[in-house]
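Let's take a walk through this one together, starting from the outside and working inward. Keep the viewer open as you read.

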Amino acid sequence: MSKMHVSDGTAHKIPNDLREALAADSEALELWEGLTPLARNEWICWVTYVKKEETRNEHVARVVSELKEWMRRPCCWIGCIHRTDKAISPSIQGILGKRSKVKV
């Protein structure tokens, strides 16, 4: 069986778990395909950036439900740091710097 086409983002390919969730919901898939590649990229990064499988599963489910609530991008997300077509903004660099500091 061939995989249903579900569009990627600008810096990220869509992972199989998110592809399957979107393919299983025609309304969410239609909304996904209506997003810009940059918006799709933000969702993909938001899903794949987490470390725990449980959190990732929650994010995949939220993509489907939040698309259907007309959300175009993940709420409260700093943005994809993996894009090579633009520099990371100073504000995001500051946030990332705070996250990488180890408390002693």
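Start with the surface: the protein has an accessible area of about 6,900 Å², and 54% of that belongs to carbon and sulfur atoms. Keep in mind that you're looking at a predicted model.

Now for the fold itself. The protein has five helices and zero strands, so reading from the N terminus the elements simply go α-α-α-α-α. Of its 104 residues, 36% count as buried. As for how the chain meets itself, take the contacts between residues at least 6 apart in sequence: 66% of these join residues at least 24 apart.

Next, zoom in on helix 3, which covers residues 37-48 and holds both Trp43 and Trp46. The two are three residues apart, about one turn of the helix, and both are buried. How many aromatic pairs are there in the model? The count comes to one, and it is made by the rings of Trp43 and Trp46. A pair like this is described by the distance of the ring centres and the angle of the planes. Here the centres of the Trp43 and Trp46 rings are 5.6 Å apart and the planes sit at 80 degrees, so the pair is edge-to-face. The cut-off behind that label is an angle over 60 degrees.

From Trp43 you can step across to Glu66, which is found in helix 4, residues 53-67. Is Glu66 buried or exposed? Glu66 has a relative accessible area of 9%, and because anything under 20% counts as buried, that is where this residue falls. Leaving aside residues up to four places away in sequence, Glu66 touches Trp43 and Met71. So Trp43 turns up twice in this picture, as a partner in the ring pair and as a contact of Glu66.

Met71, the other contact of Glu66, takes us to the last stop, because Met71 also helps line the largest cavity. The count of cavities of 30 Å³ or more comes to one, and the largest cavity has a volume of about 30 Å³. Which residues line the largest cavity? Along with Met71, the lining is made up of Leu31, Leu35, Leu67, Trp70 and Arg72. By type, that lining divides into five nonpolar residues, no polar ones and one charged. The charged one is Arg72, because Arg counts as charged while Leu, Trp and Met count as nonpolar.

Methods: Residues are numbered from 1 along each chain as its sequence is written. This is a predicted model: local features need pLDDT of at least 70, side-chain atom pairs count only at pLDDT 80 or more; totals for chains, interfaces and linings use all residues. Side-chain values use heavy atoms; hydrogens and water are left out. On a 1 Å grid over the protein atoms alone, a cavity is a set of points where a 1.4 Å probe fits but cannot get out, and a pocket is an open set with protein on both sides within 12 Å along at least five of seven lines; lining residues have an atom within 4 Å of a point. Grid points are joined across faces, edges and corners, and a volume is the space filled by probe spheres set on the points. Rings of Phe, Tyr and Trp (its six-membered ring) pair if their centres lie within 6.5 Å; planes under 30 degrees apart count as stacked, over 60 as edge-to-face and the rest as tilted. Helices (H or I, at least four residues) and strands (E, at least two) are DSSP runs, numbered from the N terminus. Buried means under 20% relative accessible area, exposed over 50%, partly exposed in between (1.4 Å probe, protein chains only). Contact means heavy atoms within 4.5 Å. Accessible areas come from the Shrake-Rupley method with a 1.4 Å probe; for residues, only the protein chains shown count as cover.
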